[in-house]
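Open the model in your viewer and keep the selection panel at hand. The stops below come in the order in which to select them.

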Amino acid sequence: MNKQECDRAGRSGWRSSGRVLGERLRSASPFLRVAGLSVSLAGLAACQSASLSETGSLSSYKDFVASDGMVTKTKYRVDSAATKTVKTVHLIPTTFASNADVGTLGDPQKKLVATGIDRSLCEALSAHFDVVPVSKPADMAVRSVVSKVKATNAVVAGVSTVTSAVAPVPVPRIPIGLGSLAVEAEAFDTRGKQIAGLTWARGANILTNGSRASTAADAFELAGDFSEDFSALLAKSNDPMKSDFELPSMKAVSNSLSYAVTGKPTDPDCAVFGRGSGVTGIVGGGLGLPPEWTEKKRS
């Protein structure tokens, strides 16, 4: 969706929703007024996005090509001849760039986001490669560096959760105070040469990202989206935004479902990054609880 389309969608969404809901909202309860406002602003919120950030953390940005999805911005390069021969991979723990823009995020929240990337990326990579410990040789090593995090407005997210709970019909999230995540990542061969690189950014949206009362909530959830895109770049040796759709195998579906419910990594060597949130995270997310709480409860 280009800027003109976003502008048109925003204006159209605001005008049509405003005409229909205007009179009804004047006499509605405060909660329903907020719900109505969420719907009327949906056209505008759908165009919210994050910006790419190059911090100098990658070994090279040469020959990176821009490629954007509907809600994701990326620049990438991949040496397909090199990545197509990869069987085993090392995963280096995620760090924050020394000049990363993290806003109001504290150290506990930064650790939460980094851990979210490590877990989800290891799980995503294990669907295509054999993840091995650093004590064993590997064909490829990958690293990720967080370059920017826009904090979620925890107060607005909390209000949005309450609004959804008391509204008589499902309502989208309040389109204010949404967070975003930007990450830089690269893969090396055994000689330390970059064979793939990605700069990635995505903002939360009101329809697919739930509201949780934490400044790190959206970045924590978006970590999984980054992991899927970076692993797709490495596995398919192609633009992750343009990859052809393929039906997952029954084994892949089973592994994904098992990980989502239990949090147990598919590859035992991913256990070094801890278990996923599992059903505790699913329930906590549905209730709008901060991921910090559900992570502590899960542990």
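The tour goes from the whole chain to a disulfide, a pair of helices and a few single residues.

**Whole chain**

Bear in mind that this is a predicted model. Show the protein chain as a cartoon: 10 helices and 8 strands should appear. Now colour by burial. Of the 299 residues, 46% are buried. Next, think about contacts between residues at least 6 apart in sequence: 75% of them join residues at least 24 apart.

**Stop 1: the disulfide**

Select Cys122 and Cys270. A disulfide joins them, with an S to S distance of 2.0 Å. A search of the whole structure finds 1 disulfide, so there is no second one to look for. In general, such a link is a covalent bond between the sulfur atoms of two cysteines.

Which parts of the chain does the pair tie together? Cys122 sits in helix H5, residues 107-126. Cys270 belongs to the loop between helix H8 (250-262) and helix H9 (278-287). The two tied parts are therefore 148 residues apart in sequence.

Zoom in on the sulfurs. The torsion about the S-S bond is about -85°, so this disulfide is left-handed. Are the two cysteines buried or exposed? Cys122 and Cys270 are both buried.

**Stop 2: H8 against H9**

From Cys270, move out to the helices on either side of its loop. Select H8 and H9. Their axes are 4 Å apart, and the packing angle is about 70°. An angle of 65 to 115 degrees counts as roughly perpendicular, so that term fits H8 and H9.

Show side chains at the contact. On the H8 side, pick Tyr259, Ala260, Val261 and Thr262. On the H9 side, they meet Gly278, Val279 and Ile282. By class, this contact has 5 nonpolar residues, 2 polar and no charged ones.

**Stop 3: the two sides of H9**

Stay on H9 and look along its axis. Which of its residues are buried? They are Gly278, Gly281 and Gly284. These glycines cover an arc of only 95° around the axis, which puts them on the same side of H9. The spacing has a simple background: an α-helix has 3.6 residues a turn, so residues three or four places apart point the same way.

Turn the helix round. Gly286 and Leu287 are exposed on the other side of H9. Then step to Gly288, which follows H9 and has a positive phi, near 80°.

**Stop 4: Ser211**

Gly288 leads to the next selection, as it is one of the residues that Ser211 touches. Find Ser211 in the loop between strand E8 (194-203) and helix H7 (217-236). Ser211 is buried, with a relative accessible area of 11%. Leaving aside residues up to four places away in sequence, its contacts are Ala157, Ser160, Thr161, Arg173, Gly285 and Gly288.

**Stop 5: two positive phi values**

Most residues other than glycine have a negative phi. Two residues to check here are Ser237 and Asp63.

- Ser237 lies in the loop between H7 and H8. Its phi is positive, about 50°, although Ser237 is not a glycine. Ser237 is buried, at 9% relative accessible area.
- Asp63 is in the loop between helix H3 (42-45) and strand E1 (65-68). Its phi is positive too, about 70°, and Asp63 is not a glycine. Asp63 is exposed, at 56% relative accessible area.

Definitions and conventions:
Residues numbered from 1 in each chain as written. Heavy atoms only, no water. Disulfide = S-S within 2.5 Å. Buried < 20%, exposed > 50% of the residue type's maximum accessible area, 1.4 Å probe, protein only. Arc of directions from axis to C-beta. Axes fitted to C-alpha atoms, helices over the stretch in contact; angles between N-to-C directions. Parallel < 35°, antiparallel > 145°, perpendicular 65-115°, else oblique. Contact = heavy atoms within 4.5 Å. Nonpolar A, V, L, I, M, F, W, Y, C, P; charged D, E, K, R; others polar.
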